[in-house]
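Good morning, and thank you for coming. Please look at the sequence and the structure now on the screen, and I shall then take you through them.

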Amino acid sequence: MSHPLTASLNPQQRAAVELPAEHALILAGAGSGKTRVLTTRIAWLLSTGQISPAGLLAVTFTNKAAKEMLARITAMMPLNPRGLWVGTFHGLCNRMLRLHHRDAGLPAGFAILDSQDQLAAIKRAMKTLNADDERYPPRSIAQYINGNKEAGIRAAQAQAWDEYSRTQRMIYAEYESQCRREGVVDFAELLLACYELLERNEPLRTHYRSRFKHILVDEFQDTNQLQYAWLKLLTGPDSALFAVGDDDQSIYAFRGARVGNMLDFQKDYEVKHVIRLEQNYRSHGNILNAANAVIEHNRDRLGKQLWTDDDAGEPIRLYEAATDSEEAGFLVDEISAQQRDGIALDEIAILYRSNAQSRIIEHALVAAGLPYRVYGGLRFYERQEIKHALAYLRLIANQDDDNALLRVINFPTRGIGNRTIETLTDTARISGSSLWQAACSAGSGRSAAAVGRFVLMIENMHVQAQGMALPDLINMVLSVSGLYEFYQNEKEGEERLANLNELVSAATRFVTEDENNLVAFLANASLEGGEHAAEAGEAAVQLMTIHAAKGLEFHSVFLTGLEEGLFPHDNSLSDPKGLEEERRLMYVAMTRARRRLFISLSQSRMLHGQMRYAPASRFLNEVPDTLLKYLNRGYAPNSFGSSSTSSTSDWYAPPTTPRHLETPDHGLAIGMKVRHPKFGLGVVLNHEGGSNGNIQVDFGQLGTKWLAVAYAKLEAVKG
DNA sequence: GACGCTTTGTTTTTT
DNA sequence: ACAAAGCGTC
C-alpha cells in the first residue's frame, strides 16, 4: 500500500522518498525528478510523523532553489516556513552565527562582504602591509584566502615554503585581523566561522546534532570541502544524511566544488542506500541519446544512463555559419519561425559558453524586434548606486565598517580627498582603531572640517534612524547623504534613480515579509544579490550562459558557439579535468531541451576586438551523426564529424534567407575566381555585408582567409 | 580634488 | 570591442 504523497512516483523515486532514517545517496540524472523526490521526502517524513519541522535541515546551493523547495513543501502541507531550517549553506550559517554571535566571537550586527567588498578589503590590507600588488594581484590573493578558508585553514596554519607564499600568508593574516577589527565576514568566512563555532563549542554541537534528525542536501556534487565538513559536523549519531546529486552535472569545480564528496560520503558513512534515478521525464529520445553519447566520453563518472519512455522526437539540428553575425541571423530567423508556430518566447532559450557572446545576439534580436531577457551580468545589489546607498546604511548599523566608510566618505564629493583619507588611515593604523574613530578625533584645518561635517551627518542619520521604518530610513539616508541630488543632476542618472527607488520598494517588501531590521536587511542584500528585482513582464526569449541554465528547462534550446577554443574553452584544456568539466557543461546544456535542440557554430568570430577562426568543437564529433540534421553544409568540407548523409525529408525547411547566395553589390559572387595583390589567385567561398563587409577566399596552399572587401583590393578573374 | 586620457584584462559564478 | 581602473594634469 503506498502513501498518497508517493502514489504518482515511479518505483525508484518512491523508494528514495520512503527510505528509512539512514544515510542515503540519490544519483539523480537530469530531468529525473530530483527536486520532486527531495521535497516529497520531506513532506513524507513530516506527514508520517517521523520528524517534527524543527528536526529537519534542508540545504541547497542557491536562493532560488531554496525558495522553490520551501514553496513546494508548503504547498504539500501547511507549515510556517520561517521556523524551518531550509536554506542555502550561507543563509543557514548566517542564521546560526547571528543566533550565537557571542560564542562565535562576532558583533551582533556583523556585516557580510560580497566578492567586490572582499576584493576592496584585501587591497586595503595589502596597502597596510605595503605589499606589491603587481607581484601579488589582489584577485589571486582572494583566491588564495578563499581556497584556504574552504580547506578550513586559517592564516596561522597556512603552510609557506618560500618568500612568495610567506607573503601570501602574511596578507591573509592581515586581512583576517582587519575583518575582525571591523566586524565583517566574507562568504567563505560565514561557513568557516560556523564550522569552527560548532567544532569548538561542544554543548552547541551536541544540541544541533541531536536536534536535526534528517539532513537533506540538494546538488551535492556542487558542495566544497568545507560545506561537506560542516554537514559532517552537524550529522549526529542518530541523524540521517540524505544527499541528492548528479556527478554528470558538476560544473563548478573551478570554484571549489568537489564531486569527490559523493564518493567520500559513500565511504565515510558506509552508505547502504544508493538509488539511481535514471528515467528522464523531460526530453525526447534523440536529445537524451545525444547527451548520453557525449557524456560517455568522460572517464571520471559514477555511471548512470538516462532513458525515456518518450518517442525519439525531432533530430538535433545543426547550423554552421560563416560569421558570428550570420549565426545570430540564423537564431533570429529560426526563433521567428517558432514564434509563428505558436511556441511561447519564454519557452525558447539561447545558451552560450561565455557572456561575451550575448552582445551580437542581442543586436540581432533588437533589430528583429524580438523581446528577450538576459540573465546574469550585473545584479541589483551590485550596482554602484545601490552599493553606495547600502554603504551609508552599513555605517548606520556599524560605524567601524571601514569598507563602507571609504566607499561613501567622499561620495557624493564633499571635499575629502585622497590626502585626507591617507591621514585618517595613518591615524587609525597607529592607534589600532577604525577609520570612523580616527575621523571622530580629526584635528583642525580645512579638510578636518569636512571630515567633521561627514561624522556629524552620519551621527545624525544614526539618531534619526532609531525606531524608523526601514523604507523611511532608506529614503532619509538617500536625501541626507545627497545621493538623490547627485543622481538627479547626473546626465544619465535616471536609471540609477529608478534603482534607488527600487531599493526602497525592496525594503518595503522585506519589512512585510520578514522584519523591520536593518542588519537583517543588509545581510539579505549581501546574500541574495537581488535576483527578485529582475522584472517579470512580457514573454521574452531567454538568454543566459550554460552555467546559469542549470536546473532550468525549455521547449526549444539554441546552443551556440560550438567551436574549439570557445566550447571547450581554451583555458580549460591545460588540465585534463578541465575538459571533462567542459563536457559535463555540454551535457547540461543539451539536457535543458524538452523538444527541440539546435546547435550552431561559426567559422569566424569577433573576440577581444580581433577576428578569430576556429574549427568546430570536438563535442560535435561525439554526437552520433544519425541524431543530427544538418541545416546547411559546412562551408569548409569535413570541418567536423564524418560527412553526413542528412535526411532528405522535407518536414523541416531552413528559414534562413539565402543571403550568401545572392550576388552582392561588389560583384564578387561565391565560386568566382579572384586575384589578391599579395595572396594571388583564389576562389570566393562566402561573403557577408556587401561592399563594407567581409569576403572569404580560398587561396589554395595559402589557406582560406576572411578579408575586408573594402581594403582587400580583390580583382575578379575570368575563367 | 576633479577630470580626461591611457592602460589593462577580459570562462564559467553563487554565496 | 569594450569597460573599468589607474595615472597624470589642471
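**Contacts with the DNA**

I begin with one contact: a polar backbone atom of Asn 355 in chain A lies 2.9 Å from a phosphate oxygen of DNA strand B. Before I go on, please note that this is a predicted model, in which local features need pLDDT of at least 70 and side-chain atom pairs count only at pLDDT 80 or more, while totals for chains, interfaces and linings use all residues. Residues are numbered from 1 along each chain as its sequence is written, chains are lettered from A and ligands numbered from 1 in the order in which they are written, and side-chain values use heavy atoms, with hydrogens and water left out.

The backbone also approaches the strand at Gly 415, where an N or O atom is 3.3 Å from a phosphate oxygen of DNA strand B. What does Ser 115 approach in DNA strand B? A polar side-chain atom of Ser 115 lies 2.6 Å from a base oxygen of that strand.

Let us widen the view. There are 28 residues around DNA strand B, where "around" or "near" requires a heavy atom within 4 Å. Those that come nearest are Asn 63, Ser 115, Arg 353, Gly 417 and Thr 545. By class, the surface near DNA strand B has 6 nonpolar, 18 polar and 4 charged residues; here Ala, Val, Leu, Ile, Met, Phe, Trp, Tyr, Cys and Pro count as nonpolar, Asp, Glu, Lys and Arg as charged, and the others, Gly among them, as polar. Helix α18, residues 418-431, gives the most to this surface, with 3 residues. A helix in this talk is a DSSP run of H or I with at least four residues, and a strand of the protein is a run of E with at least two, numbered from the N terminus.

Of the atoms of DNA strand B within 4 Å of the protein, 55% belong to sugar or phosphate. For DNA strand C the corresponding share is 25%, the rest belonging to bases. The residues around DNA strand C are Arg 359, His 608 and Gly 609.

**Inside the protein**

Chain A contains 28 helices and 22 strands. Of its 719 residues, 53% count as buried, which means under 20% relative accessible area, with exposed over 50% and partly exposed in between, for a 1.4 Å probe and protein chains only.

Is Arg 394, in helix α16 (residues 384-397), buried or exposed? Arg 394 counts as buried because its relative accessibility is 11%. Its side chain and that of Asp 117 are joined by a polar contact of 3.2 Å; within protein, such a contact is a pair of N or O atoms within 3.5 Å, one able to donate a hydrogen and the other to accept it, and residues adjacent in sequence count only if both atoms are side-chain atoms.

His 547 belongs to helix α25, residues 546-549. Beyond residues up to four places away in sequence, His 547 touches Ile 251, Tyr 252, Phe 254, Arg 353 and Leu 585, contact meaning heavy atoms within 4.5 Å.

Finally, an unreviewed UniProt entry annotates a "binding site" whose residues include Lys 34 and Thr 35; UniProt positions follow the numbering used here, feature names are shortened, and annotations may be inferred rather than shown by experiment. Lys 34 lies in helix α2, residues 34-47, and Thr 35 is found in helix α2 as well. With a relative accessible area of 18%, Lys 34 is buried.
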